[in-house]
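Trainee: I would like to test some of the labels we use. Can we take them one by one, with the value beside the cut-off?

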Amino acid sequence: MGEARTTLITGGNSGIGEALAKKLVARGERVVSVGLEQPTWTHELLTAYCADLSNLAETREIAQEICRDHAIDRLVHNAGVILPNLLPDARPEDILMLAQLHLGAPMLLTQAALEGMLARRFGRIVFVSSRAAMGAATRSAYSATKAGVHGMARTWALELAASGITVNVVAPGPILTDNFWGIIPKGSEQQERMARNVPVGRLGSREDVAHAISFFLDEHSDFVTGQVLYVCGGTSLVGLGP
């Protein structure tokens, strides 16, 4: 058995982050969650912090606190917000906010954890991006910052490759989470139509994405870095239709 590792998950209190956290603690691994709210469940291997990662100063403070109290070996940046708008109503302010949440926050958290990762010559950094990085209507700020995630991850992968630290991206398609239902009414005809447009014939689950993240976190995935894995039921090939 490999050494026990500690994984920091942003947005670990709900959705994909919660599914991943439960998967890891069930395997006996330590998890640190940071999100806007406390998780609704507890476990002896789970430690939770609250912070608004769209706030630069708050993120810097919580990053230092977490990495002072925990030896973070693996970081999964899952926290994200969509802020949908067609171009006439799109706001540059949204780009700035999402740039901090999707790019600035993982930079600060990784910088805080990096000294320990380098000393142990082991690290796993996984970004949760989106198929929307390829383009999607109403996603100006979201798709732009998620596409930026791909570029930043590849840059870090090159910089850290010789240090035992891998950096990869999981890019989900339509996944049944609160973010999804915040835009598509739960159980609606729109949801059913979208499911029919997915090549595999269904919408994704939180567990589908958690499973893919787990691959990148694995000790034996050390020859895989700088990659983007679309967990999207084939929608990265054909889109989602009207």
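Mentor: Start with the elements. Helices are DSSP runs of at least four residues, strands are runs of at least two, and numbering goes from the N terminus. Bear in mind that this is a predicted model.

Trainee: Where does that put isoleucine 184?

Mentor: Isoleucine 184 lies in the loop between H5 and H6.

Trainee: What makes isoleucine 184 count as buried?

Mentor: Its relative accessibility is 6%. Buried means under 20%. Isoleucine 184 therefore qualifies.

Trainee: Which residues does isoleucine 184 touch, not counting those up to four places away in sequence?

Mentor: Gln190, Gln191 and Met194. For methionine 194, the C-alpha separation from isoleucine 184 is 9.5 Å, and the two are 10 residues apart along the chain.

Trainee: Glutamine 191 is one of those contacts. Why does glutamine 191 count as buried?

Mentor: Glutamine 191 sits in helix H6 (residues 189-197). Its relative accessibility is 9%. The limit is 20%, so the label holds. Beyond four places in sequence, glutamine 191 contacts Leu176, Phe180, Trp181, Ile184, Pro185, Lys186 and Leu203.

Trainee: Why is asparagine 179 called partly exposed?

Mentor: Asparagine 179 belongs to helix H5 (residues 178-181). Its relative accessible area is 40%. Under 20% would be buried and over 50% exposed. The value falls in between, so asparagine 179 is partly exposed. Leaving out residues up to four places away in sequence, asparagine 179 touches Gly80 and Ile82. Its C-alpha is also 8.3 Å from that of glycine 15, although 164 residues separate the two in sequence.

Trainee: Glycine 15 is in H1. Why is H1 described as largely enclosed by the rest of the structure?

Mentor: Count the buried residues. Nine of the 12 residues of H1 are buried, so the description follows. They are Gly15, Ile16, Gly17, Glu18, Ala19, Leu20, Ala21, Leu24 and Val25. They pack against strands E1 (6-10), E2 (30-35), E4 (74-77) and E6 (165-172), and against helix H7 (206-217).

Trainee: How do you know that the span of H1 is close to the expected one?

Mentor: H1 (residues 15-26) reaches 17 Å from its first C-alpha to its last, against 16 Å expected at 1.5 Å a residue. After H1 comes glycine 28, with a positive phi near 85°.

Trainee: What makes H1 oblique to H7?

Mentor: The axes of H1 and H7 come within 8 Å and cross at roughly 60°. Roughly parallel needs under 35 degrees, and roughly perpendicular starts at 65. The angle fits neither, so H1 is oblique to H7. The crossing of H1 and H7 is right-handed. On the H1 side the contact uses Gly15, Ile16, Glu18, Ala19, Leu20, Lys23 and Leu24. On the H7 side it uses Arg206, Glu207, Val209, Ala210, His211, Ile213, Ser214 and Leu217. By class, these residues divide into eight nonpolar, three polar and four charged.

Trainee: What angle do H2 and H3 make, and why does it earn its label?

Mentor: Helix H2 (residues 56-69) and H3 pack at about 30°, with axes 9 Å apart. The cut-off is 35 degrees, so H2 is roughly parallel to H3. H2 passes H3 in a right-handed crossing. From H2, the contact involves Leu56, Thr59, Arg60, Ala63, Gln64 and Cys67. From H3, it involves Gln100, Ala105, Leu108, Leu109, Ala112 and Ala113. This contact has eight nonpolar, three polar and one charged residues.

Trainee: How do you know that H3 and H4 are roughly parallel to each other?

Mentor: The axes of helix H3 (residues 92-120) and helix H4 (residues 140-160) come within 8 Å and cross at roughly 20°. Anything under 35 degrees counts, so H3 and H4 pass the test. Their crossing is right-handed. Residues in the H3 side of the contact include Leu98, His102 and Met107, and among those in H4 are Tyr142, Val149 and Trp156. The contact of H3 with H4 has 13 nonpolar, four polar and two charged residues.

Trainee: What covers the buried residues of H4?

Mentor: The cover includes H3, strand E5 (123-128), E6 and strand E7 (228-231). Among the buried residues of H4 are Ser143, His150, Ala153 and Ala157. H4 has 21 residues and reaches 30 Å, close to the 30 Å expected at 1.5 Å a residue.

Definitions and conventions: Residues are numbered from 1 along each chain as its sequence is written. This is a predicted model: local features need pLDDT of at least 70, side-chain atom pairs count only at pLDDT 80 or more; totals for chains, interfaces and linings use all residues. Side-chain values use heavy atoms; hydrogens and water are left out. Axes are lines fitted to C-alpha atoms, for helices over the stretch in contact, and angles run from 0 to 180 degrees between N-to-C directions. Angles under 35 degrees count as roughly parallel, over 145 as roughly antiparallel, 65 to 115 as roughly perpendicular and the rest as oblique. A crossing is left-handed if the near helix is turned anticlockwise from the far one by less than a right angle, and right-handed if clockwise. Contact means heavy atoms within 4.5 Å. Ala, Val, Leu, Ile, Met, Phe, Trp, Tyr, Cys and Pro count as nonpolar, Asp, Glu, Lys and Arg as charged, and the others, Gly among them, as polar. The expected span of a helix is 1.5 Å times one less than its number of residues. Buried means under 20% relative accessible area, exposed over 50%, partly exposed in between (1.4 Å probe, protein chains only).
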